[in-house]
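Biologist: Kindly show me the structure, and then let us discuss the surroundings of its ligand.

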Amino acid sequence: MLLTLDSLREELLKWDGCALSKQANAVLGEGNPHATVFFVGEAPGQKEDELRRPFVGAAGQLLNTLLERINLKREDVYISNVVKYRPPGNRDPEPIEKEQCMPWLMLELALIKPKVVVPLGRHALGHFLPTISITNAHGRAFKLTDDITIFPIYHPAAALHNGNLRGGLEADFLGLGEHLKSRGLFPAAA
Ligand code: URA
């Protein structure tokens, strides 16, 4: 079977390899299948679970606003999560839940082939750069391979809960915009 984002979504709907799948809806990533920038969040929240789409609640609104500030639209980028189901009460995902869901993220990355991966917050960062904290890594570019750069930024939800992080998050986005410009990746390919 030829793997596409649509077939991946169909397969995910049939999957029961994570205990969370018994109590929550599956939420795959969405966006431009040719995106050069791939955002990775933590796990769906309540609104995401209801609508079965990533980043459509308050954190998603903030993400949209910050994207616009660097002249990107949601349709330009791809947005996904490490964990594909909402953890009960929005608790932190367990390590086993991240591990069980990880193949879906890997398949999304393999299909999209982004040049810049943007982990939002510590859960996503932990997968790509496990030895550095989000406090030290945010707003900096880390070359993973010749083709792929990891550009971690604070999670928008963290900035909504802690106003002190808002300025850092905004600066991270401006830094991301500059990074894309410096690599001739700005605006994203259609
Ligand atoms: N927070 C996340 O990490 N992911 C979402 O999809 C929404 C909020």
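Modeller: A residue counts as near a molecule if one of its heavy atoms lies within 4 Å of it. This is a predicted model, in which local features need pLDDT of at least 70, side-chain atom pairs count only at pLDDT 80 or more, and totals for chains, interfaces and linings use all residues. Residues are numbered from 1 along each chain as its sequence is written, and side-chain values use heavy atoms, with hydrogens and water left out.

Biologist: Which residues are around the ligand?

Modeller: The cut-off just given selects the shell. Its members are Gly41, Glu42, Ala43, Pro44, Glu48, Pro54, Phe55, Asn81 and His155.

Biologist: Which residue has a polar side-chain atom 2.8 Å from an oxygen atom of the ligand?

Modeller: A polar contact is a pair of N or O atoms within 3.5 Å. For nitrogen atoms of the ligand, a polar backbone atom of Ala43 is at 3.0 Å, and a polar side-chain atom of Asn81 is at 2.7 Å. The oxygen atom is approached by the side chain of His155.

Biologist: How much of the area that the ligand exposes when taken alone does the protein bury?

Modeller: Accessible areas come from the Shrake-Rupley method with a 1.4 Å probe. Taken alone, the ligand exposes 230 Å². Of that, the protein buries 91%.

Biologist: What radius of gyration does the chain have?

Modeller: The radius is taken over C-alpha atoms, and the globule rule is 2.2 Å times the number of residues to the power 0.38. For 190 residues, a compact globule would come near 16 Å, and the chain agrees with this, at 15 Å.

Conventions
A polar contact is a pair of N or O atoms within 3.5 Å; within protein, one must be able to donate a hydrogen and the other to accept it, and residues adjacent in sequence count only if both atoms are side-chain atoms.
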